[in-house]
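The following exercises are to be worked with the sequence and the structure in view. Each task is followed by a solution that proceeds step by step.

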Amino acid sequence: MILSVLSALAEPTRLAAPQILHDGDKHCVCDLMRRLGVTQGRMSRHMRVLKQAGPLIDRRDAQ
């Protein structure tokens, strides 16, 4: 478990995302994309890795 979390956080964008999210507020992917300067596809891949490793959960809202 710890190895998978550390491995996930070894990538700079995946390390930066939890730093933005730690405030406890709700954040949309578009906010993360803008602040981290990544595309939607890349952000989705990063979020999937973080969710699979365990330090991140998501909530989907209908548009």
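Two residues are in contact when heavy atoms of theirs lie within 4.5 Å. The model treated here is a predicted one.

**Exercise 1. Confidence of the model**

State the average pLDDT of the protein, and determine which of its elements has the lowest mean pLDDT and which the highest.

Solution. Begin with the protein as a whole: its average pLDDT is 88. Next, consider the share of residues that score at least 70, which is 97%. Then turn to the elements: the lowest mean value, 91, belongs to helix 1 (residues 2–9), and the highest, 94, to helix 3 (residues 29–36). As a general caution, predicted coordinates should not be read in detail where pLDDT is low.

**Exercise 2. The two sides of helix 2**

Identify the buried residues of helix 2 (residues 12–21), establish how they are arranged about its axis, and name what covers them.

Solution. First, list the buried positions: they are Thr13, Arg14, Ala16, Ala17 and Ile20. Second, look down the axis of helix 2: these residues fall within an arc of 160 degrees, and therefore they line one face of the helix. Third, examine the face turned away from the buried side, where the exposed residues Pro12 and Gln19 are carried. Fourth, ask what lies over the buried residues: the cover includes helix 1, helix 3 and helix 4 (40–53).

Leu15 is a further residue of helix 2. Its relative accessible area is 40%, so Leu15 is classed as partly exposed. From Leu15 to Leu50 there are 35 residues in sequence, and the C-alpha to C-alpha distance is 9.3 Å.

**Exercise 3. A salt bridge in helix 3**

How many salt bridges does the structure hold? Name the partners and decide whether each is buried or exposed.

Solution. The count is one. The partners are Asp31 and Arg34, whose closest N and O atoms are 2.5 Å apart. Both residues belong to helix 3, and because they are three residues apart there, about one helical turn separates them. For the final step, recall that buried means under 20% relative accessible area and exposed means over 50%. Asp31, at 13% relative accessibility, is therefore buried. Arg34, at 62%, is therefore exposed.

**Exercise 4. The start of the chain**

Locate Met1, decide whether it is buried or exposed, and describe the surface patch to which it contributes.

Solution. Met1 is placed in the segment before helix 1. Its relative accessibility is 72%, so Met1 counts as exposed. Together with Ile2 and Leu6, Met1 makes a nonpolar surface patch of about 390 Å². A distance completes the picture: Met1 and Ala53 are 52 residues apart along the chain, while their C-alpha atoms are separated by 7.3 Å.

**Exercise 5. Two residues of helix 4**

Determine whether His46 and Gln52 are buried or exposed. Which residues does His46 touch, leaving aside those up to four places away in sequence?

Solution. Take His46 first; it is found in helix 4. At 7% relative accessibility, His46 is counted as buried. With residues up to four places away in sequence set aside, His46 touches Glu11, Thr13 and Arg14. Of these, Thr13 and Arg14 are listed among the buried residues of helix 2.

Now take Gln52, which also has its place in helix 4. Its relative accessibility of 63% makes Gln52 exposed. Between Gln52 and Gln40 the separation is 12 residues in sequence and 18 Å in space, C-alpha to C-alpha.

**Exercise 6. A loop residue**

Where is Lys26 found, and how far apart in space are Lys26 and Arg59?

Solution. Lys26 is found in the loop between helix 2 and helix 3. With a relative accessibility of 69%, Lys26 counts as exposed. Lys26 and Arg59 are 33 residues apart in sequence, and their C-alpha to C-alpha distance is 9.2 Å.

Definitions and conventions. Residues are numbered from 1 along each chain as its sequence is written. This is a predicted model: local features need pLDDT of at least 70, side-chain atom pairs count only at pLDDT 80 or more; totals for chains, interfaces and linings use all residues. Side-chain values use heavy atoms; hydrogens and water are left out. pLDDT is the predictor's confidence in each residue, from 0 to 100. Helices (H or I, at least four residues) and strands (E, at least two) are DSSP runs, numbered from the N terminus. Patches are made of residues with over 30% relative accessible area and no salt bridge: like charges are joined within 9 Å, nonpolar side chains (Val, Leu, Ile, Met, Phe, Trp, Tyr) within 5 Å. Accessible areas come from the Shrake-Rupley method with a 1.4 Å probe; for residues, only the protein chains shown count as cover. A salt bridge is a side-chain nitrogen of Lys or Arg within 4 Å of a carboxyl oxygen of Asp or Glu. Buried means under 20% relative accessible area, exposed over 50%, partly exposed in between (1.4 Å probe, protein chains only). The arc is that of the directions from the helix axis to the C-beta atoms.
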